[in-house]
Amino acid sequence: MVRVYCKNTGTKKEIAEGSYLQDIIEDFNFERPYPILAAKVNNVVEGLKFRVYNNRDVEFLDYRSYEGRNVYCRSLCFVLSKAAQDVCPGCKITLRRPISKGYYIELAKADGGKVTEQDVTDIRHRMQQIILSKASFRRHEVYIDEAIELFRKMGYEDKVKLLSTTDAVYVSYYSLEGTPDIYYGPLMPSVEHLKVWGLHPFHEGLFLQLPNRHSPKELAPFADQPKTFEILRESMRWNSIMGLKNVGDVNIRCINGGAKDLIEISEALQNRKVVQMADEISNRFHGPDKVRLVLITGPSSSGKSSICRSLSVQLKACGLKPISFSTDDYFVNRVETPKLPDGSYDFDNFDTVDHEALQNDLMKLLKGETVEVPEYNFVTGIREYNGKKLRLEDDTVLIIEGIHALNPRLTDKVPQKSIYKIFINAITSSCLDDHNCISTSDNRLLRRIIRDYQKGAFSARETIANWPNVRRAESKWIYPFQENADVLFNSAYLIEFAVVRSHAERILNTVPKNCPEYSEAHRLLKTLQYFTYVSDKDIPKTSLLRSFIGND
């Protein structure tokens, strides 16, 4: 017998050695409004077919947890991939990053034909058949050379390239009704609980709709994001031009000495985009709309401050005189800050900013008046006036940067034609392989972990612990306004994960294994191991990445 401590109930049970997790759920009495999809075992996510041979701490997970959603989505994507192969033999399915609360999926048919509504209907029907069969996902652990040979015979060169550039000895893959595929994380025991999803035509491909994270028995509402999708498509187009469709392609290029070239291309692409924005602002400044105000926002660690500096330089090259301030300088005094239900300060709340004072000063500036703008003292928590005065000259453009910059309430008194809006995000376009996306926020989380640690602000554990709060605030206060932007700027680098790997691994390994945050640290470490190390010595001192990894 072994002892299992269940975190869901706070109780311990003696169970038979070698028991499957799925067989011991009923031993613990706790509310289960939704199916259990996976579990954390000693703070590491495992599938429910994990066998318990030693004393363990276990936390059972459903779809409302981040880890549970990942397990559900991976399992559903396998069903989709198999159904597509059954309906369109020889086709190629490519999962792209999550978008509009679902997945955009490319489908390349063997005959080169376009995806039709009938194709989508047939694939949807086949998925339903597979799910009704209650088929099991079977896990196989083999020598990596054996897996490489298996997927080479299947024509999955994306998987072959990735596995060939890792140093693992063994690798696990799954099969569904005899069809093999590889997923870099646990799946559900069977397809039985994959009951909530939708599949629709979307642009040239498909859209896989997922359950609502807060109410998993319902579909998440579709949120059309045409500008976000176009940024994704632009990144995919560049990746295709350079022959770098997946991480395996990037690894091979780096191993063959091409890392410096990829760094230079990444820098050139970002600089080119900044120049384009500066040119557009300049043209509109001298046009009938007379743009005088540039608003810059984006989620945490997207690179807002760096892009603000780069844009200022390029605007000067256009003959303009940019001046800037941050919405953070208009924070209310800390004692007046809104609070969360637990009593802690809600620093991401829109009312954390004294938006009335900010807009009053903004209107005065646009009228040509001189304004004394505040500076927020983050040590004392008080907004101070220290004699910093601003005035817009005839050739001046005002840049305001902050997480609430695109909130319409911040500038609802300003003529909208005089505003140019920029939304910055790190949109990772590369995938591990055709069936495995990289989490949309991993780029930013790794950046923040490294920066917080190197500045001595927070440990990796503290940054990871606060990340769910950050994401919730972004969903409420930032992302709803991204499609209002004139331009969306992608600050992700093609080989960023390879560059930050050496920085991140050292820091992530400081997270203790006996704390809840180890689960996320372990997941990030597993993701990073698929990237070839690339030194940061060729990253320019002026690069956006330097604001996160430092200049040492």
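Two strands pair if DSSP finds at least two bridges between them. Helices (H or I, at least four residues) and strands (E, at least two) are DSSP runs, numbered from the N terminus. The structure is a predicted model, in which local features need pLDDT of at least 70 and side-chain atom pairs count only at pLDDT 80 or more, whereas totals for chains, interfaces and linings use all residues. Residues are numbered from 1 along each chain as its sequence is written, and side-chain values use heavy atoms, with hydrogens and water left out.

**Exercise 1.** Determine in which sense β1 and β2 pair, and place both strands in their sheet.

*Solution.* Step 1: five bridges join β1 (residues 2-6) to β2, and the pairing is antiparallel. One of the bridge partners is T11 in β2, which stands opposite C6.
Step 2: the open sheet has five strands in the order β2-β1-β7-β4-β5, with mixed pairing. Its edge strands, β2 (11-15) and β5 (44-46), each pair on one side only.
Step 3: on average, neighbouring strands of this sheet are turned by 35° against each other, direction ignored. For such angles, axes are lines fitted to C-alpha atoms, for helices over the stretch in contact, and angles run from 0 to 180 degrees between N-to-C directions.

**Exercise 2.** Describe the surroundings of strand β21 (residues 396-401).

*Solution.* Step 1: buried means under 20% relative accessible area, exposed over 50%, and partly exposed in between (1.4 Å probe, protein chains only). Six of the six residues of β21 are buried.
Step 2: in a regular strand, side chains alternate between the two faces of the sheet. In β21, T396, L398 and I400 lie on one side and V397, I399 and E401 on the other, and both faces are covered.
Step 3: β15 (residues 293-297) runs parallel to β21 and is joined to it by four bridges, with V294 opposite I399. Strand β16 (residues 321-326) also runs parallel to β21, over six bridges; F325 has I400 as its bridge partner.

**Exercise 3.** Explain why C77 and C437 form no disulfide.

*Solution.* Step 1: a disulfide is a pair of cysteine sulfur atoms within 2.5 Å.
Step 2: the closest cysteine sulfur to that of C77 is in C73, 6.4 Å away, which is too far for a bond. For C437 the closest is in C431, at 4.3 Å, again too far for a bond.
Step 3: by this rule the count comes to zero disulfides.
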